[in-house]
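Trainee: I have a new model open and would like to go through it with you. Can we take it piece by piece?

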Amino acid sequence: MHLEIKLVRIYDHEQPVGYRMLVDRMWPRGMSKIKAALDEWDKQIGPTNELRKWFNHEDEKFPEFKAKYIEELDKNEFTSEFIETVKKQLIKNDVLFLYGAKNRKHNQAVVLKEYVQEKLK
């Protein structure tokens, strides 16, 4: 059995089974805590408000956003603890990185998944 990190938009009706980690700094609009059914909310792992506002989900800014966010992750004191949690959960569950962004290709969860997978190698 191969367990993996999956990216899931929190608003999707079809939700895979796994350990549910919200990786947004901001709570998703209109989402109740009950409906979200989170195992944890890791707001400290999300991009800073300054970076998030600057990026504004503009596709052309994504490469620069990705580089800046990776820099933040490298400096974030919470990153190693977050990676350790993901590693422990992957022993028994798929891990779901939940996010609220409409853009499925260009968001912080995409960067975070790539980053964590690289660190777990």
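Trainee: How buried or exposed is A37?

Mentor: A37 is partly exposed, with a relative accessible area of 42%. Buried means under 20% relative accessible area, exposed over 50%, and partly exposed in between, with a 1.4 Å probe and protein chains only. This is a predicted model, where local features need pLDDT of at least 70 and side-chain atom pairs count only at pLDDT 80 or more, while totals for chains, interfaces and linings use all residues. Residues are numbered from 1 along each chain as its sequence is written, and side-chain values use heavy atoms, with hydrogens and water left out.

Trainee: Where does A37 lie?

Mentor: A37 is in the loop between helix 1 (33-36) and strand 3. Helices (H or I, at least four residues) and strands (E, at least two) are DSSP runs, numbered from the N terminus.

Trainee: What is its phi near?

Mentor: Phi of A37 is near 45 degrees, which is positive although the residue is not glycine. Most residues other than glycine have a negative phi. H57 also has a positive phi, near 55 degrees. That residue, H57, sits in the loop between helix 2 (49-55) and helix 3, and is partly exposed at 39% relative accessibility.

Trainee: Switching to the sheet. In what order do the strands come?

Mentor: The order is 1-4-2-3, in an open sheet of four strands with parallel pairing. Two strands pair if DSSP finds at least two bridges between them. Strand 1 and strand 3 (40-41) are at the edges with a single partner strand each, so one side of each has no neighbour in the sheet.

Trainee: Which helix packs on the sheet?

Mentor: Helix 4 (residues 79-89) does, touching strand 1, strand 2, strand 3 and strand 4. Its direction makes about 160 degrees with that of strand 2. Contact means heavy atoms within 4.5 Å. Q89 is found in helix 4 and is buried, with a relative accessible area of 12%. Leaving out residues up to four places away in sequence, Q89 touches Y19 and V95.

Trainee: How many bridges join strand 1 to strand 4?

Mentor: Five bridges join strand 1 (residues 5-9) to strand 4, and the two run parallel. I5 stands opposite V95 in that pair. Strand 2 (residues 19-22) pairs with strand 4 over four bridges, also in the parallel sense, and L22 stands opposite L98.

Trainee: Why is strand 4 called largely enclosed?

Mentor: Five of the five residues of strand 4 (residues 95-99) are buried, so the rest of the structure largely encloses it. V95, F97 and Y99 point one way, and L96 and L98 the other. In a regular strand the side chains alternate between the two faces of the sheet.

Trainee: Now the helices. At what angle do helix 3 and helix 5 pack?

Mentor: Helix 3 (residues 62-75) and helix 5 (residues 108-120) pack at about 50 degrees, with axes 10 Å apart. Axes are lines fitted to C-alpha atoms, for helices over the stretch in contact, and angles run from 0 to 180 degrees between N-to-C directions. The two helices are therefore oblique to each other. Angles under 35 degrees count as roughly parallel, over 145 as roughly antiparallel, 65 to 115 as roughly perpendicular and the rest as oblique.

Trainee: What is K66 in contact with?

Mentor: Apart from neighbours within four places in sequence, K66 contacts V111 and E114. K66 is in helix 3 and is partly exposed, with a relative accessible area of 25%.
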